[in-house]
Amino acid sequence: GGLPDVVTDMIVKSTANEVILLPALTEQWPDGEIKGVWTRSGVTVDLAWENNEPKSAVIQANRDTSIKLLFNNQSWDLTLTKGQILNWKME
């Protein structure tokens, strides 16, 4: 499972308390989506992107957790309870 993990980490990378969106997206994939990414921070992420930028994400908490959602130089602090679903739109 090494290659799928590498590709997933290019799109959604996580640590125990951070979720990083599109940290290493290749220019050959300017638009796309990925669903069901389980993260180390206790959330599952569905992500859609256009022109190399996130457009929307569905973030579902698998446990009570506090995370920092990151994209480029932007960050958002989120506190979620188990089962909570956040529909996030990039503005």
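**Figure 1. Helix 1 lies across two strands.** In this predicted model, helix 1 covers residues 2-11 and lies across strand 1 and strand 2. The helix runs at about 95° to strand 1. Keep those two strands in mind, since they turn up again in the next view.

**Figure 2. Here is an open sheet with mixed pairing.** Four strands build this sheet, and their order is 1-2-6-7. Strand 1 (12-14) and strand 7 stand at the edges with a single partner strand each, so one side of each has no neighbour in the sheet. On average, and ignoring direction, neighbouring strands are turned by 20° against each other. Look for the mix of directions: strand 2 and strand 6 run parallel and are joined by three bridges, while strand 6 and strand 7 run antiparallel, with seven bridges between them. To find your way from strand 2 to strand 6, start at valine 19, which stands opposite leucine 69 of strand 6.

**Figure 3. Strand 6 and strand 7 make a hairpin.** Two residues sit between these two strands. One residue to pick out in the turn is asparagine 72, with a positive phi of about 50°. Is strand 6 mostly enclosed or left open by the rest of the structure? It is largely enclosed, because five of its seven residues are buried.

**Figure 4. Isoleucine 67 is a buried residue of strand 6.** Strand 6 spans residues 65-71, and isoleucine 67 is part of it. With a relative accessible area of just 4%, isoleucine 67 falls under the 20% cut-off, so it counts as buried. Which residue of strand 7 is its bridge partner? That is leucine 78. Leaving aside neighbours within four places in sequence, isoleucine 67 is in contact with Asn17, Val19, Ser41, Val43, Trp76, Asp77 and Leu78. For a sense of scale, try lysine 13: it is 54 residues away from isoleucine 67 along the chain, and the C-alpha atoms of the two are separated by 13 Å.

**Figure 5. Threonine 65 reaches out to a backbone oxygen.** Threonine 65 is found in strand 6 too. Its relative accessible area is 8%, and that makes it buried. Follow the side chain of threonine 65 and you'll arrive at the backbone oxygen of serine 41, at 2.9 Å. Serine 41 also appears among the contacts of threonine 65 once neighbours within four places in sequence are left aside; the others listed are Gly42, Val43, Leu78, Thr79 and Leu80.

**Figure 6. This view shows the largest nonpolar core.** Nonpolar side chains tend to be buried together in soluble globular proteins. The core here has 22 residues. Which residues have the most contacts inside it? They are Ile11, Val12, Val19, Leu21, Leu47 and Ile59. Strand 2 (18-21), strand 3, strand 4, strand 5 (53-61), strand 6 and strand 7 each chip in with at least two residues. Strand 4 gives the most, with four residues. Zoom in on leucine 21: apart from neighbours within four places in sequence, its contacts are Ile11, Val12, Leu47, Pro54, Leu69, Leu70, Phe71 and Trp88.

**Figure 7. A second view of strands: an open, antiparallel sheet.** This sheet has four strands in the order 3-4-5-8. Its edge strands are strand 3 (32-38) and strand 8 (85-89), and each pairs on one side only. The twist from one strand to the next averages 10°. Strand 3 and strand 4 (residues 43-50) run antiparallel and are joined by five bridges. If you want a place to start, find glycine 32 and look across to its bridge partner in strand 4, tryptophan 49.

**Figure 8. Two tryptophans form an aromatic pair.** The structure holds one aromatic pair, and it is made by tryptophan 76 and tryptophan 88. Are the rings stacked or edge-to-face? They are edge-to-face, with 75° between the planes and 5.2 Å centre to centre. Tryptophan 76 lies in strand 7 (residues 74-80) and tryptophan 88 in strand 8, so the pair ties together parts that are 12 residues apart in sequence. Check the surroundings of each partner as well: tryptophan 76 counts as partly exposed at 24% relative accessibility, whereas tryptophan 88 is buried, with a relative accessible area of 10%.

Notes. Residues numbered from 1 in each chain as written. Predicted model: local features only at pLDDT ≥ 70, side-chain atom pairs only at ≥ 80, totals over all residues. Heavy atoms only, no water. Pairing = 2+ DSSP bridges. Axes fitted to C-alpha atoms, helices over the stretch in contact; angles between N-to-C directions. Phe/Tyr/Trp six-rings, centres within 6.5 Å; stacked < 30°, edge-to-face > 60°. Buried < 20%, exposed > 50% of the residue type's maximum accessible area, 1.4 Å probe, protein only. Contact = heavy atoms within 4.5 Å. Core = buried A, V, L, I, M, F, W, Y, C linked by side-chain atoms within 4.5 Å. Polar contact = N/O pair within 3.5 Å; in protein donor to acceptor, adjacent residues only side chain to side chain.
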